Amino acid sequence: MEKQLYAIEGREIEITHPDRVVWPEAGIAKLDLIRYLMEVAPYMLPYTRDRMLMVWRYPDGIGGKRIEERSIHGAAPEWVPRVAYGGKERILLNDAATLAWLANRGAVEFHVPFDRYNRKDVPTELVFDLDPAAGMPFEAVREVALKLKETLDGLSLASFPKTSGATGLQIFVPIAPRYTFEEARLINTFVARYMLEQLPDRITLERVVEKRGGKLYFDYLQLWRGRTMAAVYAVRATPQATVSTPVTWDEVSAGFEPADFTIATMPQRLRTKGDLFKGVSSEAHRDEQQIDEVLAFVRKNGQ
């Protein structure tokens, strides 16, 4: 069996089949993925830290079967951070060595919940997921996102967009970690209904794909207990290895395509622009954004 040793954070990680192709169309192998993850780890980990991980493994590359894992299966090094939950051991994505160990096991996509294990049921942000219909130009997603920003600005809520890594945009609103999922849902629902009133011909709140009528799905319900979203800077199982990428509102306004951001382009983008998601992953920034006044407004006007 082909193996290669990789030293990370004082841990020696054994990489098996480093040349195994994971993304055939893009010609990207397992070792390419691990090198990428090591480069982006300082930017990804501040957000994923202490969140119970869900991974999508593709042991035979993205053209093979997908295995979803939410807990440790089989043996794992003792240094892999974990927490007991629901009678199982859940991995915490807290360090680069764990990232590499998971990638060696075939993990391609990394998804995390909206709360941390030590503050369960306390979301760290509001999130709106803009999911375009099949064949919908990304221009339509950008236009809805800009209208959403205008709405959030009107509520004095700072917001940070990132691509899903697939076809959509996800808008994060960092909040102080002292509100419940129910309180976050109140605001999300209020915003979603307002957006539907403003753009009834362009968006839908219908979760059933067949009932969306070709409209953009404005997903305000994903923000909930146990649900997850692709981690920032995570690679997706798309043909070109696209990445879930933070973008500026100026970039959203100017225009781009999600396919612009890949495992090949992200390292240089980070070197040039830095971490555009630090406004979300920074504890200090989250603590600054209280939503008491917004909650009071929604409770008064949301019915």
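# A guided tour, beginning at helix α9

On α9, select E293 and K300: these exposed residues sit on the face of the helix turned away from its buried side. The structure on screen is a predicted model.

Next, colour the buried residues of helix α9, which spans residues 292-301; they are V294, L295 and V298. Viewed down the axis of α9, these buried residues fall within an arc of 100°, so they line one face of the helix. An α-helix has 3.6 residues a turn, so residues three or four places apart point the same way. To see what the buried side of α9 meets, display α4 (181-198), against which the buried residues of α9 pack.

**The hairpin of β1 and β2**

Move to the start of the chain and select residues 3-8, strand β1, together with residues 11-16, strand β2; the two strands pair in the antiparallel sense over 6 bridges. Label K3 and look across to β2, where T16 stands opposite. The two strands form a hairpin with 2 residues between them. In that turn, select E9, whose phi is positive, at about 50°.

**R49 and its contacts**

Continue to R49, in the loop that runs between α1 (30-48) and β5 (54-57). Is R49 buried, partly exposed or exposed? Its relative accessibility is 34%, so R49 counts as partly exposed. Show L93, N94 and R116 as sticks, since R49 touches these three residues when those up to four places away in sequence are not counted. For a sense of distance, draw a line from the C-alpha of R49 to that of V252: the two residues are 28 Å apart in space and 203 residues apart in sequence.

**The open sheet**

Now display the open sheet of 5 strands, in which the order is β11-β12-β10-β14-β13 and the pairing is mixed. Its edge strands are β11 (160-163) and β13 (203-204), each of which pairs on one side only. Zoom in on β11 and strand β12 (residues 169-174), which run antiparallel and are joined by 4 bridges. Within this pair, T163 stands opposite L169 in β12. In a regular strand the side chains alternate between the two faces of the sheet.

**The largest pocket**

Turn on a surface and find the largest pocket, with a volume of about 380 Å³. Which of its lining residues are closest to the centre? Select D129, D131, S164, Q170 and R236, the closest among the 22 residues that line this pocket. Then highlight β9 (107-113), β10 (125-131), β14 (216-219) and β15 (228-230), the elements that give two or more residues to the lining. Coloured by class, the lining divides into 7 nonpolar, 8 polar and 7 charged residues.

**Two cavities**

The last stops are internal: a search of the whole structure finds 2 cavities of 30 Å³ or more. For the largest cavity, select L53, V55, E69, R70, S71, I91 and L102, which line it. The space inside the largest cavity is about 50 Å³, and its lining has 4 nonpolar, 1 polar and 2 charged residues.

Finish at the second largest cavity, with a volume of about 40 Å³. The residues to select here are Y233, T245, P246, M266, R269, L270, K273, G274 and L276. By class, this lining has 5 nonpolar, 2 polar and 2 charged residues.

Conventions: Residues numbered from 1 in each chain as written. Predicted model: local features only at pLDDT ≥ 70, side-chain atom pairs only at ≥ 80, totals over all residues. Heavy atoms only, no water. 1 Å grid on protein atoms, 1.4 Å probe; cavity = no way out; pocket = protein on both sides within 12 Å on 5 of 7 lines; lining within 4 Å. Points joined across faces, edges and corners; volume = space filled by probe spheres on them. Nonpolar A, V, L, I, M, F, W, Y, C, P; charged D, E, K, R; others polar. Pairing = 2+ DSSP bridges. Buried < 20%, exposed > 50% of the residue type's maximum accessible area, 1.4 Å probe, protein only. Arc of directions from axis to C-beta. Contact = heavy atoms within 4.5 Å.
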